Amino acid sequence: MRMTLQFLGATEEVTGSCHLLSVDHEHLLLDCGLIQGGKADELRNHDPFAFDPESISAVVLSHAHIDHSGRLPLLVKAGFDGPIYTHKATAELCAIMLKDAAMLQTRDTERVNKKRAKHDLEPLEPLFTVEDAEQAITQFVPLEYGQVTQVIPHVDICLSDAGHILGSALVELWLGEGKSQKKVVFSGDLGRAGMPILRNPTLVDTADLVLMESTYGNRFHRSWTETLAELKDIFAKTVNESQGNILLPAFSVGRAQELLYLFHLYAKEWDLGRWKICLDSPMAIEATRVYVNNYPLMDEDFKRFTRQHPGQHPLLSNVEFIQTTEESMALNEVHKGLIIIAGSGMCNGGRIRSHLEHNLWRPECDVIICGYQALGTPGRALVDGVGELTIHGNSIKVAAKLHTVGGLSAHADQAELLRWYRHFEGQPPLILVHGEPDAQHGLVDVVNQDPKTKPQATAIATHGDRLDLTALPQLVWKPA
């Protein structure tokens, strides 16, 4: 039986997750995400797929974030008509996020076409439309954690909680039959133990191959205690010294809800009564409602708190939802006392751009970066200390105080990745995806130097490479 795995996205970079699994004449995709970053990176989304979309029998989606799900409407537009297997909460979130992504594609294309028309250039088409997104949504097949499902002939899967965002899943795949059967485990994006709201990432006992993310493979997050103290200090200093606004660029799914929960838990300790807290993101507002409706998936602390405080839902109690564009614009007339949570998390779109334009140049304001910033994004430029940022065609001086709170990350750091991998019996072969080269090489060095962890084989996936799965535990590569 022929079994191969080809790496077609999130290879030596953090976005665009996509891996092609072939078993005999059937083809399965693990994720199909948008490439994010600078304009040159995002233009790659318009490149043809490296496979015939009509040849794909099914897709298994690890979670809803756009860098894992965002090219699904394009895949459907190109001819894919098969099922998309994922956790039921991911299906609910994608119903929101994919349509939002389509609307952004359409809006951005309209803006570009106005400029092209002035130069008598042919108009461009959006990458995909709302109709494409809606068709993709009809192809979702919702699953529960722990449910074993055959997705193509000779391939069964089981999803387990990855602890990254609501509905995020690591995927166990059993390929083939009998003595020749191989088991591959795909981590998706791994979360962290002890984080608010979500349960800890599931530990898996066995595998013939582990495909693991490596976003923070060379870094350690601050402890949860230190992170809470850091946030408390930021709010206290802003009230007592600066008296400006605080901006939190946040991913609409996951980070936004985590912040709302923390603001509820620590409202008194952080003296948040002085502030007006605004969630300025229609998509984050819709996603928050999905979180509220999926109460059984939360961790025990969250559920216990909710039971003890009936009528005070932790995600809804002390925040103002900003829905309309007019309401969002009105916030820019308020010069102090606001905590604004807005997307996008990497500052490369959404309403946070307008708030940065009105606040970034003001030294009395603060910007809290609390998530991963991909190369080429405005958020990465801020973290790297850029002096000016171009927003809506205007050059904005960076005078606000910048805080990078890594302890809020929803990705496992080096120690947590190692802890998750070490749980596998016999240290199966390990392949790293979804990470920049420095992070990946740092993780490989640590893995290979530890006799308790050292895998049977280790590799960093590069784009287009193909792996012969029938040869496991040996890693037999076919270069791109």
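**Briefing: an open sheet, its helices and two helix pairs**

Gln150 stands opposite Asp156 in β8. This comes from a predicted model. Strand β8 (residues 155–161) pairs with β7 in the antiparallel sense, over 3 bridges. Both strands belong to an open sheet of 7 strands with mixed pairing. The points below cover that sheet, two helix contacts and the surroundings of Glu12.

**The sheet**

- The strand order is β7-β8-β9-β10-β11-β20-β21.
- β7 (149–152) and β21 (458–460) stand at the edges; each has a single partner strand, so one side of each is left without a neighbour in the sheet.
- On average, neighbouring strands of this sheet are turned by 25° against each other, direction ignored.

**Helices on the sheet**

- Helix α13 (residues 414–422) packs on the sheet and touches β9 (169–175), β10 (182–186), β11 (209–213) and β20 (430–433).
- The direction of α13 makes about 165° with that of β11.
- Helix α14 (residues 437–449) also packs on the sheet, where it touches β11, β20 and β21.
- The direction of α14 makes about 175° with that of β21.

**Helix α4 with helix α8**

- The axes of α4 (residues 88–118) and α8 (residues 282–293) come within 10 Å and cross at roughly 170°.
- Angles over 145 degrees count as roughly antiparallel, and α4 and α8 are therefore roughly antiparallel to each other.
- On the α4 side the contact is made by Ala89, Glu92, Leu93, Ile96, Met97 and Asp100; on the α8 side it is made by Met283, Glu286, Ala287 and Val290.
- By class, this contact of α4 with α8 has 7 nonpolar, no polar and 3 charged residues.

**Helix α7 with helix α8**

- Helix α7 (residues 255–265) packs with α8 at an angle of about 70°, and their axes are 9 Å apart.
- Angles of 65 to 115 degrees count as roughly perpendicular, and α7 and α8 are therefore roughly perpendicular to each other.
- Ala256, Gln257 and Leu260 in α7 meet Ala284, Ala287, Thr288 and Tyr291 in α8.
- The residues of the contact of α7 with α8 divide into 5 nonpolar, 2 polar and no charged.
- Ala287 of α8 takes part in the contact with α4 and also in the contact with α7.

**Glu12**

- Glu12 lies in the loop between β1 (3–9) and β2 (18–23).
- Glu12 counts as partly exposed, at 34% relative accessibility.
- Glu12 and Leu432 are 420 residues apart in sequence, yet their C-alpha atoms are 8.6 Å apart in space.
- Leaving aside residues up to four places away in sequence, Glu12 touches Gly435, Glu436, Pro437, Gln440, Ile460, Ala461 and Thr462.

Key
Residues are numbered from 1 along each chain as its sequence is written. This is a predicted model: local features need pLDDT of at least 70, side-chain atom pairs count only at pLDDT 80 or more; totals for chains, interfaces and linings use all residues. Side-chain values use heavy atoms; hydrogens and water are left out. Two strands pair if DSSP finds at least two bridges between them. Helices (H or I, at least four residues) and strands (E, at least two) are DSSP runs, numbered from the N terminus. Axes are lines fitted to C-alpha atoms, for helices over the stretch in contact, and angles run from 0 to 180 degrees between N-to-C directions. Contact means heavy atoms within 4.5 Å. Angles under 35 degrees count as roughly parallel, over 145 as roughly antiparallel, 65 to 115 as roughly perpendicular and the rest as oblique. Ala, Val, Leu, Ile, Met, Phe, Trp, Tyr, Cys and Pro count as nonpolar, Asp, Glu, Lys and Arg as charged, and the others, Gly among them, as polar. Buried means under 20% relative accessible area, exposed over 50%, partly exposed in between (1.4 Å probe, protein chains only).
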